[in-house]
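User: I have a model open and want to go through its fold step by step. Please keep the answers short and show the reasoning.

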Amino acid sequence: MPRLDLYYNIISPPCRVVLLFAKWLKLELNLIELDVLKREHYKPEFLKHYIPTLVDGDVVVWESSAILIYLAEKYSTDDTLYPKDNALRAKVNQRLFYDIGTLMRSVTTYYHPILMGGEGKLEDFKKVQDAVGVLNSFLGASRWTAGEHITVADFAIAVTVAALDGVLHFDFSVYPNVHRWYEQCKRELVGYTDITHEAAQKTQAFLDRFRAMRAAEQQLLCVQSHEPHKEETNDRGDQQQQHYTELQTQPRSVRTDNVPASTIASSSKSDDSTKMATED
Ligand SMILES: N[C@@H](CCC(=O)N[C@@H](CS)C(=O)NCC(=O)O)C(=O)O
């Protein structure tokens, strides 16, 4: 058995995609958990900066879809997961790119202001609906997203749809094909319930920390704005400035303008085990 290191955090949807696919392939992963709020993904020993990252001997792969393809090509005996036939493979690739470039992007764009305590924009929600409508049409004539067999695309898209469910409580009833396929994913993807349940619990803890850090940051900004003149700054003021500077150098994900999209998509509030993330 090869040693496969996965740098990950279960609250991250792309990481869950890899966890689910590894279970399907019955691969044992050596899991290395990184805390993005502590900037652990910027430590010198981990130079890739993004999770999930897979290390298989000399081979390092990041981007969840690239990891799926790598694992399927190297470790699967089932050619249907990532077909060798050109036309079939093109269809699977198209589904994967649609997920990352359209569906997941629409979810994170809409959800970002909500995560920050505001409201999502109607025009962004319409883009989510359009993207789900496209998925519904993919699934109109086939059991899985790219045909009659499950492929890597189903793992990727299932986690995005689960985020839509868990975070946005999206109503799939007007997308019957998506609804049917999503229920099928929940039943058939090995480990789905356990992974989802653990993610929901940990995401809630992440959100609590995230909001506490943001509240502290805002409070300090408020204190600063009431300081009359810089020359009046005393020792206490210096300490506040230092604390503020430290907060500003917290992980990019803590800052309003830079919250990692996929982490966003993993912040939900329900701990229902059928939901992908409390997320997201
Ligand atoms: N498209 C990438 C997304 C990876 C990603 O954004 N990962 C987030 C966690 S969900 C991350 O590592 N963020 C760290 C950062 O932005 O500093 C994939 O599918 O793997």
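Analyst: One definition before we start: helices here are DSSP runs of H or I with at least four residues, numbered from the N terminus. Gln-129 is placed on that basis, in helix 4 (residues 122–138). Keep in mind that this is a predicted model.

User: How many helices and strands does the chain have?

Analyst: Read along the sequence, the pattern is β-α-β-β-β-α-α-α-α-α-α-α-α. Of the 280 residues, 37% count as buried. The count of elements is 9 helices and 4 strands.

User: In what order do the strands lie in the sheet?

Analyst: The sheet is open and its pairing is mixed. Strand 1 (residues 4–8) pairs with strand 2 (residues 30–33) in the parallel sense, over 4 bridges. Strand 1 also joins strand 3 (residues 53–56) through 4 bridges, and that pair runs antiparallel. The order of the 4 strands is 2-1-3-4.

User: Which strands stand at the edges, and why is one side of each left without a neighbour?

Analyst: The order to read from is 2-1-3-4. Each edge strand has a single partner strand, so one side of it has no neighbour in the sheet. From one strand to the next, the twist averages 20°. The edge strands are strand 2 and strand 4 (59–62).

User: Is strand 1 largely enclosed or largely open?

Analyst: A residue counts as buried with 20 or more other C-beta atoms within 10 Å of its own. In strand 1, 4 of the 5 residues are buried. The strand is therefore, with respect to the rest of the structure, largely enclosed.

User: What is the bridge partner of Tyr-8 in strand 2?

Analyst: Strand 1 and strand 2 are a parallel pair. Leu-6 stands opposite Leu-31 in strand 2. On the strand 3 side, Tyr-7 has Thr-53 as its bridge partner. For Tyr-8, the partner in strand 2 is Glu-33.

User: What handedness does the β-α-β unit have?

Analyst: The unit is made of strand 1, helix 1 (residues 13–24) and strand 2. Its two strands pair in the parallel sense. The handedness of the unit is right-handed.

User: How is helix 1 oriented relative to helix 7 (residues 192–225)?

Analyst: The axes of helix 1 and helix 7 come within 10 Å and cross at roughly 155°. Angles over 145 degrees count as roughly antiparallel. The crossing is right-handed. Helix 1 is therefore, relative to helix 7, roughly antiparallel.

User: And how is helix 2 (residues 64–75) oriented relative to helix 5?

Analyst: Helix 2 and helix 5 pack at an angle of about 150°, with their axes 10 Å apart. That angle makes the pair roughly antiparallel. The crossing of helix 2 and helix 5 is right-handed. The orientation asked for is roughly antiparallel.

User: What span should helix 5 (residues 152–168) have?

Analyst: Helix 5 has 17 residues, counted at 1.5 Å a residue. The end C-alpha atoms are 24 Å apart, which agrees with the expectation. As for cover, 16 of the 17 residues are buried. The expected span is 24 Å.

User: Which residue follows helix 5, and is it buried or exposed?

Analyst: The residue is His-169, whose phi is positive, near 50°. His-169 is found in the loop between helix 5 and helix 6 (176–188). With 11 other C-beta atoms within 10 Å, His-169 is exposed.

User: Where is Lys-26 found, and what is its phi?

Analyst: Lys-26 is in the loop between helix 1 and strand 2. With 8 C-beta neighbours inside 10 Å, Lys-26 counts as exposed. Its phi is positive, in a residue other than glycine, and is near 60°.

User: Which residues does a cis peptide bond join?

Analyst: The loop to look at lies between strand 2 and strand 3, and Pro-52 has its place there. Omega of the bond is about 5°. The joined residues are Ile-51 and Pro-52.

User: How far apart in space are Gln-129 and Phe-172?

Analyst: Gln-129 is found in helix 4. With 14 other C-beta atoms within 10 Å, Gln-129 is partly exposed. Gln-129 and Phe-172 are 43 residues apart in sequence. In space, C-alpha to C-alpha, they are apart by 9.8 Å.

How values were computed:
Residues numbered from 1 in each chain as written. Predicted model: local features only at pLDDT ≥ 70, side-chain atom pairs only at ≥ 80, totals over all residues. Expected span 1.5 Å × (residues − 1). Buried ≥ 20, exposed ≤ 12 C-beta atoms within 10 Å, placed from the backbone. Pairing = 2+ DSSP bridges. Right-handed = clockwise from strand over helix to strand, strands pointing away. Axes fitted to C-alpha atoms, helices over the stretch in contact; angles between N-to-C directions. Parallel < 35°, antiparallel > 145°, perpendicular 65-115°, else oblique. Left-handed = near helix turned anticlockwise from the far one by under 90°.
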